[in-house]
Amino acid sequence: RRRRGLSVSSATMEVQVLFGLMVLFVTMGVRTDAGHVVAQLFYHTATTRPPMLIAATVFGWALVMKVAQASSLKVEKVIGPVMSWWTTFRSAVVLLDAILLCRLFPLVYDVATHGESSSWSTLVGDVAAYACCAVALVYPPSKLFSTTASSSKSFSADRSAAHAKYGHGLAAETSNARNSLLVALWDTLLAPFAPVTFWHVLVADYATSLAKGLGDAHVTACVATRAFFQAEAETYFNYEEAPVQRHQRHSIWWEAKRGTCASSLLNASALALPFWCRLFQCCAVYKETRHPKNLWNALKYATAFPLIYIGYLEKLHPGEYHRIFVAAAVLQSSATFCWDVLMDWTIFDKKAGGLLCGLFDPATFRSSLFFSKAAAVFPFCALVVFDLALRFVWTLAVFGDAPTRGAGLFCFELAEVLRRTVWALFRIEWEIIAHGHHLPVEGEDDDDDAEKPDFTPEEE
């Protein structure tokens with residue numbers, strides 16, 4: 001009871017901070033320009049969106065854990081020890097609080113100077129939000145700060161569970177989960193020379209949904225470098241102009257420099273990086289298992305590269321490659337959609353023998369741990385339509401010559417985070433079913449759930 005009281009008290013404080021920030025932003029919007037405040041918080045430029053998308057992803061993972069817990073899914077059996085959904089939700093709230101505090105700085109500066117908006121304050125606030133996301137990942141206790149075997153126990157799963165039991169603070173409670181994510185990200189970058197487990201697959205697939213955010217992070221680094229460290233900074237920070245002229249110059253300067261950064265080959269490489277990592281993971285699993293399914297999976301991820309490259313050419317020569325780009329988008333979206341339905345979720349019953357689609361009976365849905373087989377028709381049909389629509393919309397919006405400003409692209413990216421959240425829920429469910437962890441085992445109790453997670457690579 002005391003532990004629950006500490007947890008609720010801490011969460012109440014985090015939510016209170018969030019509520020206070022929202023009241024402050026609403027007040028600023030009423031006194032100044034509500035549209036400008038909302039844009040500054042969520043989608044003003046390419047530097048603004050990625051931290052918000054990371055926070056949305058953490059909220060989505062909390063939802064996955066909540067539904068899994070409510071459905072009694074043995075998630076620990078397939079991905080190892082996990083945080084409770086409540087701790088994950090609190091982490092997302094704290095991260096959102098930190099990001100909004102960073103965004104508060106340029107808005108307060110704008111009010112304090114009576115509308116004499118300074119370009120550097122906006123950019124500094126956005127860069128600080130990126131720093132908050134990085135610090136949240138590596139904040140001690142972490143292996144990055146571990147020098148002895150005894151200190152490494154501070155981020156073990158058992159120690160994190162003990163911290164959560166006695167309410168020792170969110171940093172200690174999340175140490176194992178943050179360290180696990182950090183190691184998985186590093187292993188993903190090292191693919192195919194690093195181990196590939198189901199947890200690695202989930203992390204890498206989430207990264208593909210945040211590919212546009214990675215491209216925006218490159219744009220942020222590119223623009224910030226030109227603003228702070230190159231000769232163009234003199235133009236960027238010209239204080240001799242009138243306030244309105246300075247604001248207009250900032251917009252013109254930003255669009256010009258954003259364009260050259262977003263249309264660079266390095267930006268296209270940043271977009272392609274998550275797909276390269278996932279492709280190499282498939283090759284690593286194939287090397288170990290010799291299962292041809294992994295080669296088909298690698299080919300699916302390879303369909304992203306023509307799309308990214310043609311999108312890069314389309315930015316350089318608008319209109320010349322539009323039809324080829326649409327064709328590449330249709331190919332990539334179709335391949336990923338079919339793999340979601342037939343392999344990642346396997347919503348149809350499998351047949352013995354046959355190849356590819358011959359393995360499935362499209363007239364019979366498989367059993368689900370979320371609803372009965374008799375009632376599976378509507379949920380699975382809705383799931384298929386949902387995935388189909390967002391796969392195509394997201395691909396066309398993100399990999400094309402989409403603007404890096406405005407609410408439209410931010411909504412598309414949020415929709416992709418939502419799609420990935422739903423995908424993860426049913427992907428974990430199918431992994432549990434495929435390994436038989438949903439079946440009762442004689443003599444097994446709830447305390448055995450975290451023992452020996454099944455990391456069989458041939459199912460990936």
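Select Asp387 and Arg419 to begin: both residues are buried. The model on display is a predicted one, and the tour starts from this pair because Arg419, at 0% relative accessibility, falls under the 20% limit for a buried residue.

**First stop: Asp387, Arg419 and their partners**

Display the side chains of the two residues. Asp387 and Arg419 form a salt bridge, with 2.9 Å from N to O. The bridge connects distant parts of the chain, since Asp387 belongs to helix 19 (residues 377–398) and Arg419 to helix 20 (residues 407–434), 32 residues apart. Which residues does the network of salt bridges with shared partners join? Add Asp340, Arg391 and Glu416 to the selection; together with Asp387 and Arg419 they make up one network.

Keep Arg419 at the centre of the view. Apart from neighbours within four places in sequence, Arg419 is in contact with Ser209, Asp340, Phe386, Asp387, Leu390 and Arg391. Asp340, Asp387 and Arg391 therefore appear both among these contacts and in the salt-bridge network. Next, move one residue along to Arg420, which lies over the face of Trp423 at 4.5 Å from the ring centre.

**Second stop: a cluster of rings**

Select Trp345, Phe348, Phe365, Phe370, Phe371, Phe380 and Phe426. Ring pairs link these residues into a cluster. Across the whole structure, a search finds 17 aromatic pairs.

**Third stop: Trp61 and Trp199**

Now select Trp61 and Trp199. How far apart are the centres of their rings, and at what angle do the planes stand? The centres are 6.1 Å apart and the planes are at 55°, so this pair is tilted. Trp61 is in helix 3 and Trp199 in helix 11, and the pair links parts of the chain 138 residues apart. Trp61 is buried, with a relative accessible area of 16%; Trp199 is buried too, with a value of 18%.

**Fourth stop: Trp276 and Phe280 in helix 15**

Select Trp276 and Phe280, an aromatic pair that is stacked, with 5.7 Å from centre to centre and 25° between the planes. Both residues lie in helix 15, four residues apart, which is about one turn of the helix. Are these two residues buried or partly exposed? Trp276 counts as partly exposed at 39% relative accessibility, and Phe280 is partly exposed with a relative accessible area of 30%.

**Fifth stop: two further buried salt bridges**

Add Asp205 and Arg278 to the view. The two residues form a salt bridge in which the closest N and O atoms are 3.4 Å apart. Asp205 lies in helix 11 (residues 198–209) and Arg278 in helix 15, so the bridge ties together parts that are 73 residues apart in sequence. Asp205 and Arg278 are both buried.

Then select Asp216 and Arg49, whose side chains meet in a salt bridge of 2.7 Å from N to O. Which helices does this pair link? Asp216 is in helix 12 (residues 211–228) and Arg49 is in helix 3 (residues 49–70), distant parts of the chain with the two positions 167 residues apart in numbering. Asp216 is buried, as is Arg49. In total, the structure holds 14 salt bridges.

**Sixth stop: a nonpolar patch on the surface**

Switch to a surface display and select Trp186, Leu189, Leu190, Leu214 and Leu273. These residues make a nonpolar surface patch of about 460 Å². Which helix gives the most to the nonpolar patch? Helix 10 (residues 175–190) does, with three residues. Leu273 is found in helix 15 (residues 265–289), and at 36% relative accessibility this leucine counts as partly exposed.

**Last stop: the whole chain**

Finally, clear the selection and view the complete protein chain. There are 20 helices and two strands. Of the 460 residues, 47% count as buried. The chain exposes about 22,000 Å², and carbon and sulfur atoms supply 66% of that area. Among contacts between residues at least 6 apart in sequence, 72% join residues at least 24 apart.

Technical notes. Residues numbered from 1 in each chain as written. Predicted model: local features only at pLDDT ≥ 70, side-chain atom pairs only at ≥ 80, totals over all residues. Heavy atoms only, no water. Patch = residues over 30% accessible without salt bridge, like charges linked within 9 Å, V, L, I, M, F, W, Y side chains within 5 Å. Areas by Shrake-Rupley, 256 points an atom, 1.4 Å probe, with all protein chains shown as cover. Salt bridge = Lys/Arg side-chain N within 4 Å of Asp/Glu carboxyl O. Buried < 20%, exposed > 50% of the residue type's maximum accessible area, 1.4 Å probe, protein only. Contact = heavy atoms within 4.5 Å. Phe/Tyr/Trp six-rings, centres within 6.5 Å; stacked < 30°, edge-to-face > 60°. Lys NZ or Arg CZ within 6 Å of the ring centre and 35° of its normal.
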